[in-house]
Amino acid sequence: QRRLIVSVDSKPVLSHCNECGQETKHDVLHRTTRSRSYEDGQHSVEYGTSWKFLQCRGCEEVTMRRDDWCSEDFPDEGPSPGVFFPPRVSRKQADWLRRNEYEVPSEYRELLAEVYTALHADSRRLAVMGARALVDVVIRRNVGDQATFAKGLDALENKKLISQQDRGIIEAAVNVGHASAHRGHSPKIDDVQVVMDIVERIVHAELLVKQAKALKKSTPKRKRKRAAIKV
């Protein structure tokens, strides 16, 4: 047996908003529930799926939530976490990246987009592996291909593109990527956020160098005062 129910809720619900970056009140614009049932001769089991179109009361962004349920689910387990379309964002794209979208080299922009996508899907291992690959791109763009990662950092340090302190920070981030790729390490979300802070900082620093040169060029130079003429 199949049943389809369509309804609209007047009571708002709390849900994560990607645009606001936090949990906000949402209006349920539309809800559809599909239910099915079957009997095995002794018991009747019902199961189905519900979809809700949610609109944030703050920014008015619209998302869809899908929930699967079954009458045999244990009530102690609580409601399902649901699946969101688009996925809930665990980390918003950096503001400087959005502001300077066309100034950021495509190699960085495309790889960062894939890392953010992995984060939205809670694929932490893939995210930190992508962050590790991003550091490789930074090395290749600035000092060329190097035999090893350590030599790449040596070249960046010798060229004064990073300090000794920067190197320690970068190595800490990269080690998370190594552990995830080769030792099956599953990083905590807080650790992933730190890794992202580090790699975003590296890319942003390269962009700032270019912007600083342009700023210096466009800034009028200070006029020198003429020496007073003695009579």
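Before we start, a helix in this talk is a DSSP run of H or I with at least four residues, and helices are numbered from the N terminus; I should also say at once that what we are looking at is a predicted model.

With that in mind, let me begin with the largest pocket, which holds about 440 Å³ of space. It is lined by 22 residues, and those closest to its centre are Asn 142, Leu 161, Ile 202, Ala 205 and Glu 206. Helices α3, α5 and α6, the last of these covering 189-218, each supply at least two residues of that lining, and α6 gives the most, with nine residues. If we sort the lining by class, we find 15 nonpolar residues, six charged ones and one polar one.

Two of those helices also pack against each other: α3, residues 124-143, meets α5, residues 164-182, at an angle of about 130°, with the axes 8 Å apart. That angle makes α3 oblique to α5, and their crossing is left-handed. On the α3 side the contact is made by Arg 125, Val 128, Met 129, Arg 132 and Val 135, while the α5 side includes Ile 170, Val 174 and His 178. By class, this contact of α3 with α5 has seven nonpolar, three polar and two charged residues.

Finally, let me turn to the second largest pocket, where about 210 Å³ of space lies. Among the residues lining this pocket are Phe 84, Pro 87, Arg 88, Leu 119 and Asp 122, and the elements that give two or more residues to the lining are β6 (83-85) and α2 (106-120). Here the lining of the second largest pocket divides into six nonpolar, three polar and two charged residues.

Technical notes
Residues numbered from 1 in each chain as written. Predicted model: local features only at pLDDT ≥ 70, side-chain atom pairs only at ≥ 80, totals over all residues. Heavy atoms only, no water. Axes fitted to C-alpha atoms, helices over the stretch in contact; angles between N-to-C directions. Parallel < 35°, antiparallel > 145°, perpendicular 65-115°, else oblique. Left-handed = near helix turned anticlockwise from the far one by under 90°. Contact = heavy atoms within 4.5 Å. Nonpolar A, V, L, I, M, F, W, Y, C, P; charged D, E, K, R; others polar. 1 Å grid on protein atoms, 1.4 Å probe; cavity = no way out; pocket = protein on both sides within 12 Å on 5 of 7 lines; lining within 4 Å. Points joined across faces, edges and corners; volume = space filled by probe spheres on them.
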